[in-house]
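Colleague: Could you walk me through reading a structure like this one? I am happy at the bench but less sure with folds.

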Amino acid sequence: MASTPKRLNGLLYSGGKLMRSDQRSATELRRVEITPNVVSSAEGSALIRLGETQVVCTASIEDGVPQFMKGCGRGWITSEYAMIPRATETRTPREATRGRQAGRTMEIQRLIGRSLRAVTDLEAMGERTAWIDCDVIRADGGTRTASITGALVALGLAAQRLLEHKVLRRIPLRDYVAAISVGMVGGEILLDLDYSEDSNAEVDMNVVMTGSDQLVEVQATAEGKAFSPDDLLKLVEAARPGIHTLLNLQQSILKINLPCR
């Protein structure tokens, strides 16, 4: 007879087995939705919902590039990331009021920019900068991966709009790109960790992958216990089906014929 489910470190166990709070299987994504064109003033925008996590992503295209790229005939993609004060369970003061950005914020901004540049033909942009703004309005784990996935849609919509207005000659995207979290919690590999799972994970990993199954970035961290190379490969493989689902959702919105499973 199974034991009565009990709370342990914010997680629910029954009969010694981890039970996910939303009754998902270990390999199942949270409910995911991407709503395009949510900010009419931006060239491209999208609201991504991944369970309780929600991020508004906008793409703004401006003439000109950073000083180090002037005269190269190529564009640039950069990102800013932020969370509104009550995106979390308790209020977090805006970083602007503290006078500086946190290291985590700067790391995520760079990750978003790298991920989008990896699938963009910067020469096709000309000397223009795409500003990708990702604002988290609800945080329940996976905000950086949701930001990357939603930002690709915002950038694609912006590119389509500029193509329609003959600002661009062709869509500069070479591939789709999406990201998801995966981890080991209680010795079990779980896909798409929410906050309670992420905060209890022995291994926490973020995987960024293109539509042609190429890895852009893998961020993996052990917390208290090291993991093996075999575990690393298993985690990446566990992330792949979830990323394919996200890539197909992106493609259903943008309808741009790029490599995508």
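Modeller: Let's start with a pair of strands. Strands of a sheet pair through backbone hydrogen bonds, either parallel or antiparallel. In this predicted model, E6 and E8 pair in the antiparallel sense, over 10 bridges. To find the pair by eye, look for Cys57, whose bridge partner in E8 is Cys134.

Colleague: In which sense do E7 and E8 pair, parallel or antiparallel?

Modeller: E7 and E8 are parallel, with 8 bridges between them. Two places to look are Met83, whose bridge partner in E8 is Val136, and Ile77, whose bridge partner in E8 is Ala130.

Colleague: And in what order do the strands of that open sheet lie?

Modeller: There are 5 strands, in the order E4-E5-E6-E8-E7, and the pairing is mixed. Strands E4 and E7 (76-83) are the edges, as each pairs on one side only. On average, neighbouring strands of this sheet are turned by 15° against each other, direction ignored.

Colleague: Which strands does H3 touch where it packs on this sheet?

Modeller: Helix H3 is in contact with E4, E5 (44-50), E6 (53-63), E7 and E8. The direction of H3 makes about 40° with that of E6.

Colleague: Now to empty space. How do I read a cavity?

Modeller: Rolling a probe the size of a water molecule over the atoms shows where empty space is left. Searching the whole structure here gives 2 cavities of 30 Å³ or more. The largest cavity has a volume of about 80 Å³.

Colleague: Which element gives the largest share of the lining of that largest cavity?

Modeller: That is H3, with 4 residues. Strand E8 (128-138) and helix H3 (143-164) each supply at least two residues of the lining. Among the lining residues are Ile61, Met125, Arg128, Ala130, Leu155 and Pro172. So you meet Ala130 again, the bridge partner of Ile77.

Colleague: How do the lining residues of the largest cavity divide into nonpolar, polar and charged?

Modeller: The lining of the largest cavity has 9 nonpolar residues, no polar ones and 1 charged.

Colleague: Let's move to the other sheet. What is the order of its 4 strands?

Modeller: This open sheet runs E10-E9-E11-E12, with antiparallel pairing. Its edge strands are E10 (188-191) and E12 (215-222), each pairing on one side only. Here too, neighbouring strands are turned by 15° against each other on average, direction ignored.

Colleague: Which strands of this sheet does helix H2 touch?

Modeller: H2 (residues 103-117) packs on the sheet and touches E9, E11 (203-210) and E12, and its direction makes about 150° with that of E12. Helix H5 (residues 229-254) also packs on the sheet, touching E9, E10, E11 and E12. The direction of H5 makes about 140° with that of E9.

Colleague: How many bridges join E9 to E10?

Modeller: There are 4 bridges between strand E9 (residues 177-185) and E10, which run antiparallel. Gly183 has Leu190 as its bridge partner in E10, and Val185 has Glu188. The hairpin of E9 and E10 has 2 residues between the strands, and there Gly186 takes a positive phi near 60°.

Colleague: One last feature, then. How many salt bridges does the structure hold?

Modeller: It holds 15 salt bridges. A good one to display is Asp192 with Arg30, where the closest N and O atoms are 2.9 Å apart. This pair links distant parts of the chain, 162 residues apart. Asp192 is in the loop between E10 and helix H4 (195-198), while Arg30 is in the loop between strand E3 (17-19) and strand E4 (32-36).

Conventions:
Residues are numbered from 1 along each chain as its sequence is written. This is a predicted model: local features need pLDDT of at least 70, side-chain atom pairs count only at pLDDT 80 or more; totals for chains, interfaces and linings use all residues. Side-chain values use heavy atoms; hydrogens and water are left out. Two strands pair if DSSP finds at least two bridges between them. Axes are lines fitted to C-alpha atoms, for helices over the stretch in contact, and angles run from 0 to 180 degrees between N-to-C directions. Contact means heavy atoms within 4.5 Å. On a 1 Å grid over the protein atoms alone, a cavity is a set of points where a 1.4 Å probe fits but cannot get out, and a pocket is an open set with protein on both sides within 12 Å along at least five of seven lines; lining residues have an atom within 4 Å of a point. Grid points are joined across faces, edges and corners, and a volume is the space filled by probe spheres set on the points. Ala, Val, Leu, Ile, Met, Phe, Trp, Tyr, Cys and Pro count as nonpolar, Asp, Glu, Lys and Arg as charged, and the others, Gly among them, as polar. A salt bridge is a side-chain nitrogen of Lys or Arg within 4 Å of a carboxyl oxygen of Asp or Glu.
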